[in-house]
Amino acid sequence: MQLEPVFEILLKISRNPFLLKLANCFAVNKCRIQREHLINTVTTQILQQYGSGGILGELSVFEAKNLQLMHDNMLLHRLKSRLQDKDGERRVRYESSIRNLEKRIESLKQLEGPESLGFLVKLYLEDIAPDFNPVFLLIFRTVAQRLFNNFIKSIRAVESQPGTIEQIRTLIGREPVFFIANHISNADHLPILFALNRFRLISPVVIGGSNLYHGLSARLLPKLNVCQLKRDDMIEKKIKWLGNPVYIETFKQHNQYAWLHNEPYLFYPEGGRSRSGKILKPKLGIIKNIFDFVRKNQRAVHFVPVSLSYTCVPEDLEIEESRKGTDISHGDLIQQLARLNREYGSFKKTATYVNLGSPITVAPDQIPDLEDFSCALLLRVRDGIRSTPTYELAQMILHHCDSGPTQNIFSSKILLDNHPAFGAQQLTDGLDILVRKKFILPLAEKPVYQVINPDLLHQYASRRECDF
């Protein structure tokens, strides 16, 4: 099925003014922040700081301007080199992109000081700021339940203890709330947002890496309240976007504007998907910005641990390839979800657990140590991870193979004898998945199996461990 024409129609429907008015009156998720107002306000705030002893002085702006010009000229060269291979509608799009880029380069060259700063801030905010559409969110959820039905059916939304959801409900939309999750898959946003929807909680702004912005996904994600963070190279193999002082300050102030207006956020402190399977040591940047917000505005904030676990990790094979050096940060997320859904349909039981923990409050008069708090937060996330049959089975197989006389050979009977609490049906279902995924191979003398992909078993077995 061609997904792009379907979503093009849905995008058009979602712009209907009458439907937008209805959604903003009656839906749980409303358009709470006007994008144009956010862009103008944040640009004005940053311009007011120019030359006032803050981070954005003349040198920083000069550096950012030159970086942007270098980036744009490299991109222009790349587009022109590809133009000769294009024809028809694709050639028209390339020619339009080249004209727009040439115009942008010439405009930026003419600007200095605060004018170039304002130009860059607005340019970056156009990329960063979501263009949330509550009608499209409602339509997308309905359509996703049909297009990705196997994956959606696998989602199990649970609270860590009775009353947790009510605690979150009393805070969300009234005070800054941050959902903090372990990061396993590019698809992590989907089960978390569906879980929050089942509890009738406001859908948060999601901080998503620019690696998700490919093809159709680049058009859909902003409408679903995803805020883009560019972590990749700005100047290839030399300078990353987060090395651009204007870009990083713009991203920071965009977020603080949203937090000041009580927008809930979802992000992954690990910064990227774990390649080893273990939860990675947290990166401190965004949590540091939240602490700065607490100090500056004298407002309490609340962190909600979100613990994800998959019976089948969506892109486990790609993650293992990435650990060996292959670049997997490409491809369209929507198309990946369609492929994932087909895979889930071939398995009997593939529960995906989203466990919401009790909120942890940070008040202005009790701001903890940044690193200690960030690590403790991810330990709370770890403690809430539910063990799936594949997680447990991978641990059982590896333990037996490491300690047994015959390396990489085991029988289902030995596993069940050594772990009677695991259950015969659970063992059968788990073995079926691992065989289908080609982690293990059934031998002629059933029920005996051979491990043929120990690295993938290690990935699954490590999902409830921390790498710090």
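This is a short talk on a few helices, loops and single residues of the structure shown above.

Before I start, please keep in mind that this is a predicted model, in which local features need pLDDT of at least 70 and side-chain atom pairs count only at pLDDT 80 or more, while totals for chains, interfaces and linings use all residues. Residues are numbered from 1 along each chain as its sequence is written, and side-chain values use heavy atoms, with hydrogens and water left out.

Let me begin with helix H14, residues 316-323, where helices (H or I, at least four residues) and strands (E, at least two) are DSSP runs numbered from the N terminus. Within H14, Asp316, Ile319, Glu320 and Ser322 are buried, and buried here means under 20% relative accessible area, with exposed meaning over 50% and partly exposed lying in between, for a 1.4 Å probe and protein chains only. These buried residues lie on the same side of H14, because they cover an arc of only 155° around the axis, the arc being that of the directions from the helix axis to the C-beta atoms. As a reminder, an α-helix has 3.6 residues a turn, so residues three or four places apart point the same way.

What covers that side? Part of the cover over the buried residues of H14 is helix H20, residues 454-461. The axes of H14 and H20 come within 10 Å and cross at roughly 105°, where axes are lines fitted to C-alpha atoms, for helices over the stretch in contact, and angles run from 0 to 180 degrees between N-to-C directions. The two helices, H14 and H20, are therefore roughly perpendicular to each other; in this scheme angles under 35 degrees count as roughly parallel, over 145 as roughly antiparallel, 65 to 115 as roughly perpendicular and the rest as oblique. On the H14 side the contact is made by Asp316, Leu317, Ile319, Glu320 and Arg323, and on the H20 side by Asp455, Leu456, Gln459 and Tyr460, with contact meaning heavy atoms within 4.5 Å. After H14 comes glycine 325, whose phi is positive, near 115°.

Now to the loop between strand E7 (265-267) and helix H13 (285-297), which holds arginine 273 and also serine 274. Arginine 273 is buried, at a relative accessible area of 7%, and its side chain makes a polar contact of 2.7 Å with the side chain of glutamate 315. A polar contact, for our purposes, is a pair of N or O atoms within 3.5 Å; within protein, one must be able to donate a hydrogen and the other to accept it, and residues adjacent in sequence count only if both atoms are side-chain atoms. Serine 274 is buried as well, with a relative accessible area of 1%. The side chain of serine 274 reaches the backbone nitrogen of glycine 277 at 3.1 Å and the backbone oxygen of lysine 278 at 2.5 Å. Leaving aside neighbours within four places in sequence, serine 274 is in contact with His183, Leu280, Ile319 and Arg463, and Ile319 is one of the buried residues of H14 that I listed earlier.

A second helix pair is H7, residues 134-147, with H10, residues 189-198, which pack at an angle of about 115° with their axes 12 Å apart. That angle makes H7 roughly perpendicular to H10. The contact involves Phe140, Arg141, Ala144 and Gln145 of H7, together with Leu190, Phe194 and Asn197 of H10. How enclosed is H10 by the rest of the structure? H10 is largely enclosed, because eight of its ten residues are buried, among them His189, Pro191 and Phe194. Just after H10, arginine 200 takes a positive phi of about 55°.

That brings me to backbone angles, and in general most residues other than glycine have a negative phi. Asparagine 225, although not a glycine, has a positive phi of about 75°; asparagine 225 sits in the loop between helix H11 (215-220) and strand E4 (226-229) and is buried, at 6% relative accessible area. Glutamine 298 also has a positive phi, near 50°, and lies in the loop between H13 and strand E8 (301-310), but glutamine 298 is exposed, with a relative accessible area of 54%.

Finally, glycine 118 in helix H6, residues 113-128, counts as buried at 12% relative accessibility. Apart from neighbours within four places in sequence, glycine 118 is in contact with Thr43 and Leu47.
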